[in-house]
Each structure stands twice: as C-alpha cells, then as structure tokens.
Amino acid sequence: VSKTITVGTQDSANITIRSVGNVNATNITLTCISGAVCGNFSAAFSPQNISNMSINTTSFVVINFTIPSNFVTGTHAGTLQIKWFENRTVNLSVSILVPANISWTVSALTFDKRVFNNDTGTYAEVNLTNTGNAEIPINLSVSGGIATYLTVVNNTTLAYGETKKIL
C-alpha cells in the first residue's frame, strides 16, 4: 500500500482479500503492527474483522489513514498484518509520503512609532513562526532609508514549529 497524504488530512486505500485455500478462512483480523504509520498516524480498517470467508471468495477492506497536523515531511513506513485461523499471518508493507508544507506566520506586519533625533533602542520586534512541517531557509533583505538602522537575522533556518526573532 502506497499513498501520498498531506498533513492534517485523511485518505483511504482499498485492499482485496481472497480466500484461496481448501478450507474456509475464519476469524480474520487486520491490524497495524509496526512502523511510523502505526505509531504516529491513525490507521482504521473497515471492516477490521471478518468472521468467515468461504473458499474462492473475496472481501474488500478500506484502510483510512489520518495524518496529524504539522507532522514532519518525508516517507513513513509501516506494516499491516492480516491474521486468520490458527495464527496464520500475512504482512503488508505501507508507505505514506507526507509532502512538505512550507508556511509561516509573522507577528507584526506594520509599525507606527514616533522617533526623535538621537533616540536609541528597539523600534519593533518581528517574530517568524514556522507553521508548516519542514524546515524553512531564511534569507532576508532590507531596503530603503531605514535599512541602515535595522538588525536582521539572516541566513538561518527555521525548524518546523520554531519561532525566531528576525528583526
């Protein structure tokens, strides 16, 4: 099973289970047993249990995956297990790609302050917060008449969930 799912959303995958043996398959259960997919995401099966499958029949199962908000970008793996009569099992690999979400908030966009000649001190502070799920490289430039009076944090990286004072 392979899916691409963005943070804060859910998506589903469909699998088909086929009974190909010479006896009915009974007490079939589906579980997510290992990996980041099982530990960090929500994986729900519908149905999760199948009491009986006759020889040469198929059952369709929907697996719903939910990705938490701001979960780190990357490919995350897991293992699903189908278990039936007398502890027989089949494992399925799952791979979920969580794409990068590059987004941020800024604490203040405009400033209005009276400054007199020879005043010193802090005019304003600007904080930048990474609200996405990937690191953001920061390279700022300032222009205009006020540029020589500003100290700007430059050439840095903002980790996901991090806030930095940039001005």
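Is Cys38 buried, partly exposed or exposed, if we go by its relative accessibility? At 21% relative accessibility, Cys38 counts as partly exposed, because buried is kept for residues under 20% relative accessible area and exposed for those over 50%, with partly exposed in between, using a 1.4 Å probe and protein chains only. I will come back to that cysteine and its partner, but first a word on what we are looking at.

This is a predicted model, in which local features need pLDDT of at least 70 and side-chain atom pairs count only at pLDDT 80 or more, while totals for chains, interfaces and linings use all residues. Residues are numbered from 1 along each chain as its sequence is written, and side-chain values use heavy atoms, with hydrogens and water left out.

Let me begin with the chain as a whole. Its secondary structure comes to one helix and 13 strands, where helices (H or I, at least four residues) and strands (E, at least two) are DSSP runs numbered from the N terminus. Reading from the N terminus, the elements run β-β-β-α-β-β-β-β-β-β-β-β-β-β, so please keep in mind, as a matter of definition, that the strand numbers I use follow that direction.

As for overall dimensions, the C-alpha trace spans about 95 × 25 × 20 Å along its principal axes. The radius of gyration is 26 Å, whereas a compact globule of 167 residues would have one near 15 Å; the radius here is taken over C-alpha atoms, and the globule rule is 2.2 Å times the number of residues to the power 0.38. Of the 167 residues, 25% count as buried. The accessible surface comes to about 10400 Å², and 48% of that belongs to carbon and sulfur atoms, with areas computed by the Shrake-Rupley method with a 1.4 Å probe, where for residues only the protein chains shown count as cover. Among contacts between residues at least 6 apart in sequence, 64% join residues at least 24 apart, a contact being heavy atoms within 4.5 Å.

Now to the strands, where two strands are said to pair if DSSP finds at least two bridges between them. One open sheet has three strands in the order S2-S6-S4, with antiparallel pairing. Its edge strands are S2, residues 10-18, and S4, residues 42-46, each of which pairs on one side only. The twist averages 25° from one strand to the next, with axes being lines fitted to C-alpha atoms, for helices over the stretch in contact, and angles running from 0 to 180 degrees between N-to-C directions. Within this sheet, nine bridges join S2 to strand S6, residues 58-66, and one of the pairs is Ile15 with its bridge partner Val61 in S6.

A further set of pairings involves strand S7, residues 74-84, which is joined by six antiparallel bridges to strand S3, residues 25-35; here Gly35 has Gly78 as its bridge partner in S7. S7 also pairs in the antiparallel sense with strand S8, residues 88-98, over 11 bridges, and Thr79 stands opposite Ser93 in S8. The hairpin of S7 and S8 has three residues between the strands, and Glu86 takes a positive phi near 55° there.

That brings me back to the cysteines. Cys32 and Cys38 form a disulfide, with their sulfur atoms 1.9 Å apart, which satisfies the rule that a disulfide is a pair of cysteine sulfur atoms within 2.5 Å, and the count by this rule comes to one disulfide. The torsion about the S-S bond is about -85°, so the disulfide is left-handed. Cys32, like the partner I opened with, is partly exposed, at a relative accessible area of 22%.

Some backbone details deserve a look. A cis peptide bond, with omega about 0°, joins Ser46 and Pro47, and Pro47 is placed in the loop between S4 and strand S5, residues 49-53. Asn27, in strand S3, has a positive phi of about 50° although it is not a glycine, and at 55% relative accessibility Asn27 counts as exposed. Asn56 also is not a glycine yet has a positive phi, of about 65°; Asn56 lies in the loop between S5 and S6 and is exposed, with a relative accessible area of 52%.

Finally, consider Val152, in the loop between strand S11, residues 136-138, and strand S12, residues 156-158. Val152 is partly exposed at 26% and, leaving aside neighbours within four places in sequence, is in contact with Leu140, Val142, Ile166 and Leu167.
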